Structures are given as C-alpha cells and as structure tokens.
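I opened my notebook to get to know a new structure. Here is what I looked up, entry by entry.

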Amino acid sequence: MRTLFAGLCLFFSTLFSCQQKVGDFKSVSVDEFATLIADPEVQRLDVRTVAEYSEGHIPGSINVNVLDDAFEAVADSVLQKDKPIAVYCRSGKRSKKAAAILSKKGYTIYDLDKGFIGWEGAGKEVEK
C-alpha cells in the first residue's frame with residue numbers, strides 16, 4: 001500500500017511539474033526592441049488596459065487589452081499575420097501571455113522583456 005501511494009505521488013508530481021511550451025516568441029531588451037520598432041514593417045502592440053495606455057505608450061502602438069475576453073478576436077482584426085509584432089505591457093508579464101497566444105496563432109512575436117517600465121527607465125520616447 002505504501003509503495004502504491006509513493007508511486008502515485010511520484011506520478012502526479014512528475015505530471016504537474018512538466019511545463020508545456022507556452023509559445024514560440026523571443027523576449028528582447030529595450031535596445032533590441034527599439035531597433036526592431038525602427039522598422040516600419042514591425043507592428044507595435046500594447047496589451048495593457050486603456051487607462052494605462054492613455055497615461056503613456058510607445059509611439060505608434062496599437063492598444064488591445066490582453067485581459068479582455070475578446071483579445072484574440074480583436075487582435076486578429078487589427079494585426080497583420082505577415083508582419084512581425086513587437087508586444088509590450090507594463091512589466092513584461094501580460095505581454096508574455098499575449099505573445100504566447102499570438103505565436104500559437106502563427107504571428108511572429110517579439111516581447112519587450114522589461115515592459116513599459118523598462119522602456120521609460122531607459123529614457124526612450126513616450127507618447128501621451
């Protein structure tokens with residue numbers, strides 16, 4: 001009985017400790033992100049709330065809230081699959097979620113690793 005219990009514990013710990021790949025995207029530094037978005041073919045996507053976006057954002061970015069239930073549908077309606085997307089949020093967590101979702105749908109994604117906080121901290125251009 002003890003062996004069975006230990007075996008079950010081992011099985012479930014192995015099962016739940018394995019992580020699935022969350023998408024195929026690249027996280028980049030502020031400087032790499034700046035270089036990427038200098039290319040007019042790269043789409044800029046801000047996945048924060050409208051309130052956060054209105055307080056300041058990277059110039060030329062489109063705002064689609066990743067926490068909105070309609071995120072995928074709205075993103076599909078405003079983004080072009082044949083052009084890369086540079087995505088960011090406040091600190092880098094929500095953008096990774098968005099990057100995973102979009103990369104699984106076939107988009108080429110670059111994620112700003114430290115988010116808008118890192119962008120502002122590096123003294124990069126901000127639009128209000």
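What covers the buried residues of α5? I found that the cover includes β2 (43–46), α3 (50–55), α4, β4 (85–88) and β5 (109–112), going by contact, that is, heavy atoms within 4.5 Å.

A note on the source: this is a predicted model, where local features need pLDDT of at least 70 and side-chain atom pairs count only at pLDDT 80 or more, while totals for chains, interfaces and linings use all residues. Residues are numbered from 1 along each chain as its sequence is written, and side-chain values use heavy atoms, without hydrogens and water.

Next I listed the buried residues of α5 (under 20% relative accessible area, 1.4 Å probe, protein chains only). They are Arg94, Ser95, Ala98, Ala99, Ala100, Leu102 and Ser103.

I then checked the span of α5: its twelve residues reach 17 Å from first C-alpha to last, close to the 16 Å expected at 1.5 Å a residue. Glycine 106 follows α5 and has a positive phi, near 100°.

My next entry is on the α4 and α5 pair. The axes of α4 (residues 71–78) and α5 (residues 93–104) come within 11 Å and cross at roughly 65°. That makes α4 roughly perpendicular to α5 (65 to 115 degrees). I looked up who meets whom: Phe71, Glu72 and Ala75 in α4 meet Ala98, Ile101 and Leu102 in α5. Of the residues in this contact, five are nonpolar, none polar and one charged.

Last, I looked at the whole protein chain, which has six helices and five strands. Along the sequence they follow the pattern α-β-α-β-α-β-α-β-α-β-α.

Conventions. Axes fitted to C-alpha atoms, helices over the stretch in contact; angles between N-to-C directions. Helix = DSSP H or I, 4+ residues; strand = E, 2+ residues; numbered from the N terminus. Parallel < 35°, antiparallel > 145°, perpendicular 65-115°, else oblique. Nonpolar A, V, L, I, M, F, W, Y, C, P; charged D, E, K, R; others polar. Expected span 1.5 Å × (residues − 1). Buried < 20%, exposed > 50% of the residue type's maximum accessible area, 1.4 Å probe, protein only.
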